[in-house]
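Here is a short set of exercises to work through with the model open beside you. Try each task on your own first, then compare your reasoning with the solution.

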Amino acid sequence: MSIPLDKLIDKDVNVYEMTCVAIKEAAIVASNKEAEEELENNHDKVVSSVLSKVLNDEIEYTPVET
């Protein structure tokens, strides 16, 4: 699975905040051996998978108000 760059470009959100969410989720997935093995079996990478999920709104997070 590749990173959907068109969605990344069109997304109207705080990119820094979205990246922080992806980093935290990637750390969680990487520490879960079963999830990591499933990704490897599908020939996918942790970061690509997590970024795709964030961009497709499959991972919910609440933006921090400044």
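**Exercise 1. Describe how helix 2 and helix 3 are arranged, and name the residues that join them.**

*Solution.*
Step 1. Start with the geometry: in this predicted model, the axes of helix 2 and helix 3 cross at roughly 95° and come within 5 Å.

Step 2. Turn the angle into a word. Values from 65 to 115 degrees count as roughly perpendicular, and helix 2 and helix 3 are therefore roughly perpendicular to each other.

Step 3. List the partners. Helix 2 contributes Val29, Ala30 and Ser31 to the contact, while helix 3 offers Lys33, Ala35, Glu36 and Leu39.

Step 4. Look at the start of helix 3. Asparagine 32 caps the N-terminal end of this helix, with a side-chain oxygen 3.1 Å from the backbone nitrogen of glutamate 34.

**Exercise 2. Work out what fold pattern the chain follows and how far the prediction can be trusted along it.**

*Solution.*
Step 1. Count the elements: the chain has 4 helices and 0 strands. Read along the sequence, that gives the pattern α-α-α-α.

Step 2. Take the overall dimensions. The C-alpha trace spans about 40 × 25 × 15 Å along its principal axes.

Step 3. Check burial and contacts. Of the 66 residues, 26% count as buried. Among contacts between residues at least 6 apart in sequence, 66% join residues at least 24 apart.

Step 4. Check the confidence. The average pLDDT of the chain is 84, and 95% of the residues score at least 70. Among the elements, helix 2 has the highest mean pLDDT, at 90, and helix 1 the lowest, at 77. A caution for any model of this kind: where pLDDT is low, the predicted coordinates should not be read in detail.

**Exercise 3. Compare the second helix pair, helix 2 and helix 4: which angle, which handedness, which residues?**

*Solution.*
Step 1. The axes of helix 2 and helix 4 lie 9 Å apart, and the two helices pack at an angle of about 130°.

Step 2. Place that angle in its class. Angles over 145 degrees would be roughly antiparallel and those from 65 to 115 roughly perpendicular; helix 2 and helix 4 are therefore oblique to each other.

Step 3. Add the handedness: helix 2 passes helix 4 in a right-handed crossing.

Step 4. Find the residues that meet. On helix 2 they are Met18, Val21, Ala22, Glu25, Ala26, Val29 and Ala30, and on helix 4 they are Val46, Val50, Leu51, Val54 and Leu55. To see how such a set can share a face, recall that an α-helix has 3.6 residues a turn, so residues three or four places apart point the same way.

Step 5. Add one residue of helix 2 for contrast. Lysine 24 lies in helix 2 and counts as exposed, at 61% relative accessibility. Its C-alpha is 9.6 Å from that of valine 50, a residue 26 positions away in sequence.

**Exercise 4. Decide whether helix 4 is largely enclosed or largely open, and say what surrounds it.**

*Solution.*
Step 1. Use the cut-off: a residue is buried if its relative accessible area is under 20%.

Step 2. Apply it to helix 4, residues 46-55. Here 7 of the 10 residues are buried, so the helix is largely enclosed by the rest of the structure. They are Val46, Ser48, Ser49, Val50, Ser52, Val54 and Leu55.

Step 3. Take one case. Serine 48 sits in helix 4 and, at 15% relative accessibility, counts as buried. Its C-alpha is 17 Å from that of tyrosine 16, 32 residues away along the chain.

Step 4. Identify the neighbours. The buried residues of helix 4 pack against helix 1 (5-10), helix 2 (15-31) and helix 3 (33-41).

**Exercise 5. Locate histidine 43 and aspartate 57, and ask of each whether it is buried or exposed.**

*Solution.*
Step 1. Begin with histidine 43, which is found in the loop between helix 3 and helix 4. Its phi is positive, about 55°, although it is not a glycine.

Step 2. Judge its accessibility: with a relative accessible area of 72%, histidine 43 is exposed.

Step 3. Move to aspartate 57, in the segment after helix 4. This residue is not a glycine either, yet has a positive phi of about 60°.

Step 4. At 54% relative accessibility, aspartate 57 counts as exposed.

Notes: Residues numbered from 1 in each chain as written. Predicted model: local features only at pLDDT ≥ 70, side-chain atom pairs only at ≥ 80, totals over all residues. Heavy atoms only, no water. Buried < 20%, exposed > 50% of the residue type's maximum accessible area, 1.4 Å probe, protein only. Contact = heavy atoms within 4.5 Å. Polar contact = N/O pair within 3.5 Å; in protein donor to acceptor, adjacent residues only side chain to side chain. pLDDT = per-residue confidence, 0-100. Axes fitted to C-alpha atoms, helices over the stretch in contact; angles between N-to-C directions. Parallel < 35°, antiparallel > 145°, perpendicular 65-115°, else oblique. Left-handed = near helix turned anticlockwise from the far one by under 90°.
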